[in-house]
Number of protein chains: 2
Amino acid sequence: MEGKDQPADAGVVCRLREIFYPRSVAVLGVSDSPQRVGYNLFESLLYGGFAGKVYPVHPRLKTVRGQKVYRSLSEIPEKVDVALIALNERATLAALRECGEKGVKGAVCVAGGYREVGEEGAALEEELRRTARQYGVSLIGPNTLGFINNDADLYATFYPMRLPKGKVSFICQSGGVGLTFMHRAADAGLGLNKWIGVGNRSTFEFSDYLAFLGKDETTAVIGLFIEGTENAGQMVRVAARLEKPVVAYKVGRSEAINYAALTHTGSMAGSYRLYRDIFRQFGLHLVDSLLEMVACLQALATAPLPAGNRIGILTHTAGPSIVAADQLLSRGCTLPPLSEHTLERVRELTGPNPPFVLKNPLDVAGMGFLAEAYGKYLDLVAQDPNVDLVLAIYCQHKNWPFPSPEIIRARKKTGKPIIACYASRSSLCAEDRRLLQEHGIPLFTTPEEAAWAAAALVGWSAELKRRSKK
Amino acid sequence: MEGKDQPADAGVVCRLREIFYPRSVAVLGVSDSPQRVGYNLFESLLYGGFAGKVYPVHPRLKTVRGQKVYRSLSEIPEKVDVALIALNERATLAALRECGEKGVKGAVCVAGGYREVGEEGAALEEELRRTARQYGVSLIGPNTLGFINNDADLYATFYPMRLPKGKVSFICQSGGVGLTFMHRAADAGLGLNKWIGVGNRSTFEFSDYLAFLGKDETTAVIGLFIEGTENAGQMVRVAARLEKPVVAYKVGRSEAINYAALTHTGSMAGSYRLYRDIFRQFGLHLVDSLLEMVACLQALATAPLPAGNRIGILTHTAGPSIVAADQLLSRGCTLPPLSEHTLERVRELTGPNPPFVLKNPLDVAGMGFLAEAYGKYLDLVAQDPNVDLVLAIYCQHKNWPFPSPEIIRARKKTGKPIIACYASRSSLCAEDRRLLQEHGIPLFTTPEEAAWAAAALVGWSAELKRRSKK
């Protein structure tokens, strides 16, 4: 299979597209009990709103949720593009053969019990792989939560849900981390496009999924959670070919972690340092936590790119700007002095002796409490030729509205990326967040997240420049 | 003043108690415009529900928000314990004299324009300090947002708000970082007791506030955000004497940051490494972000302490447990093997060949999807003699309730601390969070936060042991 052994190519992309955009999906091993995986795979399809045909299959059940159940795959009178297999590790193998005979193109094998549990499981997985190859069925998994194509309302996991739509896709070597990501992203107002639980990667490697998402027109930004792979070199080479940013989170700083990862999806986690180095070399953006992952993807999916790494910070309270600066300076960003012209214009606003120090971060203190005044300073910082990206910090106040219209105005006027950081309860800035994001301005509620986001934009901008010079 | 030059003592604690629990508060420089600081200091007192007397003072206004305005402090017929001064840096000095003549015990000076802006400001601040000393008025600030005593419904800041009550108090060298903290804490369901914006620390040092909170019966856990101080040694010595955990966040890893901090509250940030080392030496728990700060305080305010550093993890999805392990192992925790007895009892539940690997983290995969089954494994991990603290990981599911009752049961049965980590949208686990926290179980929604929280409990437990051996 080219997906496993050769560079990702057009064939792989085509086959994955068939799986992610099927016309019909069967659920093998459906159940009428909400406690069971089979029931939930089926409910997930219905709940998610998939517009294609859905066929529940079970040898004895007559109906599930009011829908006719087929006794077997072969009994389904029409073509089936994708099968979701909710059976144990041995029955999955038999079902895969049926899929092959029926001409099913792709199968999601959720069962575990393969190479992640030892030698016997590894042998079984090899048989699964051989069967898939023999019949030309592409596997996702085994040992996976499944996948989501939010662009087609296709939720092929056993966790029924609906998520906001967006341009971010996520490749994940762990269902649980992937779920955590989805929830945190949804809470942050970040829309999801595609989500892939790679499982044991019997057919498709990370590089294949990356190649697929690289060609996927509705995906603009890619997140990647990895425990380990034997094909890291191929993975980063493919990532470096994509014209989309890839944000990567790699666990396994310690040997003990390597052991845990080994018994999870059958991969040694590998040297963390080695991964970190090759990720950097090939232009992937490395993050240290899921919260940083969400912040970086949010920025990359929302904001335009800065021309360089020079950050201008406007605030009315110094502390958060210092916290942000701390993160920015450790992530390749600089805080240049504001230009003399800008300082002159600041003095025009304040009089010749401003009650604050003229520097970057520019902390205008009480002069920036009210949105209108804040907006004037923001215009100046954003227009400064020394500044490539602006971080706008403001604290929620019961009687002083957020300076969101002013931030949007500065964004439009200068064309430069602006990241907003509001010290605020989530509920109190939800409406402003929606408004700002509509205008290409990501909003965060801690200075660290805002800085991580800025660094991701700066990093991707630098990477594109680096590539264009090659 | 003993607060500045000598070890914190009973006098300082008494004076701060007078300020934090006053019977009457005056607002000097009140305004009838919601755009002004003076208006908002006054509204903050009313909105917060302070039960003592509140006197607005302004030379010309007759009423504000329907309440009589006094023309001057001396016109107020009764005693005034605390004055909130909403005037510029020079008028503040004059007002402080009036406070002294009236016998006011404490004054909050919100104005900036003192030593943080240069030599002239420094001279003015020295005069402010001298005046305070001369009249025996204690200052909070200048250059501060103010303070909050949520225990007395006293919100003495110009950001009107109400926050959930709790046992956590926060000392902050930045109003904006302090506001960020409050909002993030409130979103996390973490209740606040006292909040102090130290400003330029003209009267009271960090060590004084620490001594005060150490004696404060309603404060159980202390958070500290610091940019820099000339009296770091005294600060950590006092912190080490308290019988309460102190979680510290120090910015300033770079020289550029030091410069920014210098022009903020007039303190060099100092060597980050030096701070880190003395914080560790004196048993403060150092964190790397505000999100970690909130997680650690939440754990320390909610959960009992573990007997040691041995963490047992139960999950039904490996990835989050590996992410958590990564953080735990880098923060002084261990993941011991489960005892033979525990493994034997796990086999009793699964049969002799469990479909998962018997290790720690224990990933029971599909066997742990349903709360009842999850609870049985949780009991075993929690009862394991090798385990001091349990991390219980679970993913939100539309049809499978969270195992919260089971986690509470295990907590009660074993007496050991348990930290819950639910992959979930905040809104979907809000009710479970309330329930779990009532039973001493902090809940987080990312594995990193859960691990940070566990490490804080382990760290404080180890510190108490270390002290008892001295």
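**View 1. D153(A) sits in the loop between β8 (146–149) and β9 (154–157) of chain A.** The model is a predicted one, so keep that in mind for every view here. D153(A) isn't a glycine, yet its phi is positive, about 55°. Is D153(A) buried or exposed? Something in between: it has 16 C-beta neighbours inside 10 Å, so it counts as partly exposed.

**View 2. In chain B, β8(B) and β9(B) form a hairpin with four residues between the strands.** Strand β8(B) covers residues 146–149, and strand β9(B) covers residues 154–157. The two run antiparallel and are joined by four bridges. To pick out one pairing, find I148(B), whose bridge partner in β9(B) is Y155(B). Look at D153(B) in this hairpin too, where phi is positive, near 55°.

**View 3. Strand β8(B) is covered on both faces.** On one side you'll find G146(B) and I148(B), on the other F147(B) and N149(B), and all of them are buried. β8(B) also pairs with strand β11 (residues 192–197) of chain B. That pairing is antiparallel and uses three bridges. N149(B) takes part, with K194(B) as its bridge partner in β11(B).

**View 4. Five strands of chain A make an open sheet.** Which order do the strands follow? Going across, they read β16-β15-β17-β18-β19, with parallel pairing. β16 and β19 (443–444) stand at the edges with a single partner strand each, so one side of each has no neighbour in the sheet. At the β16(A) end, two bridges join β15(A) to β16(A). One pairing to look for is L314(A) with its bridge partner in β16(A), L362(A).

**View 5. The loops before and after β16(A) hold some unusual backbone.** The peptide bond from N360(A) to P361(A) is cis, with omega near 5°. P361(A) is in the loop between α13 and β16 of chain A. Chain B has a cis bond as well, joining N360(B) and P361(B), with omega about 5°. P361(B) lies in the loop between α13 (340–350) and β16 (362–363) of chain B. Back in chain A, check the loop between β16 and α14, where A365(A) sits. A365(A) has a positive phi, near 50°, despite being a residue other than glycine. With 22 C-beta neighbours inside 10 Å, A365(A) counts as buried.

**View 6. Helix α14 of chain A takes in residues 371–383.** How far apart are its end C-alpha atoms? They are 18 Å apart, which agrees with the 18 Å expected for 13 residues at 1.5 Å a residue. The buried residues of α14(A) are Y374(A), G375(A), Y377(A), L378(A), L380(A), V381(A) and A382(A). Their cover includes β15 (311–315), α13 (340–350), β16 (362–363), β17 (389–395), α15 (404–414) and β18 (418–423) of chain A. An α-helix has 3.6 residues a turn, so residues three or four places apart point the same way.

**View 7. Helix α4 of chain A takes in residues 89–102.** Its 14 residues should span 20 Å at 1.5 Å a residue, and the end C-alpha atoms are indeed 20 Å apart. Buried in α4(A) are E89(A), T92(A), L93(A), A95(A), L96(A), E98(A) and C99(A). Among the elements covering them are β1 (24–28), β5 (82–85), β6 (106–109) and α5 (119–135) of chain A. Right after α4(A) comes G103(A), with a positive phi near 85°.

**View 8. Chains A and B meet, with 69 residues of chain B in contact with 69 residues of chain A.** Several elements of chain B supply at least two residues each to the side that touches chain A, including α3 (37–48), α9 (255–265) and α17 (447–468). The largest share, nine residues, comes from α6(B). That side of chain B divides into 33 nonpolar, 27 polar and nine charged residues. Why do we say the copies meet through the same surface? Because 100% of the interface residues of chain B are also interface residues in chain A.

**View 9. A rotation of 180° with 0.0 Å of shift along its axis superposes chain B on chain A, with RMSD 0.0 Å.** The two copies are therefore related as by a two-fold rotation axis. In chain B, the C-alpha nearest that axis belongs to L291(B), 4.7 Å away.

**View 10. Confidence in chain A dips under 50 over residues 1–5.** For this stretch, the model has twelve contacts beyond four places in sequence. Where pLDDT is low, the predicted coordinates should not be read in detail. Across chain A, the mean pLDDT is 94, and 95% of residues reach 70 or more. The model scores ipTM 0.95 and pTM 0.95.

Methods:
Residues are numbered from 1 along each chain as its sequence is written. Chains are lettered from A and ligands numbered from 1 in the order in which they are written. This is a predicted model: local features need pLDDT of at least 70, side-chain atom pairs count only at pLDDT 80 or more; totals for chains, interfaces and linings use all residues. Two residues are in contact if their C-beta atoms, placed from the backbone, lie within 7 Å. Ala, Val, Leu, Ile, Met, Phe, Trp, Tyr, Cys and Pro count as nonpolar, Asp, Glu, Lys and Arg as charged, and the others, Gly among them, as polar. The expected span of a helix is 1.5 Å times one less than its number of residues. A residue is buried if 20 or more other C-beta atoms lie within 10 Å of its own, exposed if 12 or fewer, and partly exposed in between; C-beta atoms are placed from the backbone. pLDDT is the predictor's confidence in each residue, from 0 to 100. Two strands pair if DSSP finds at least two bridges between them. Copies are superposed by least squares on the C-alpha atoms of residues with pLDDT of at least 70 in both.
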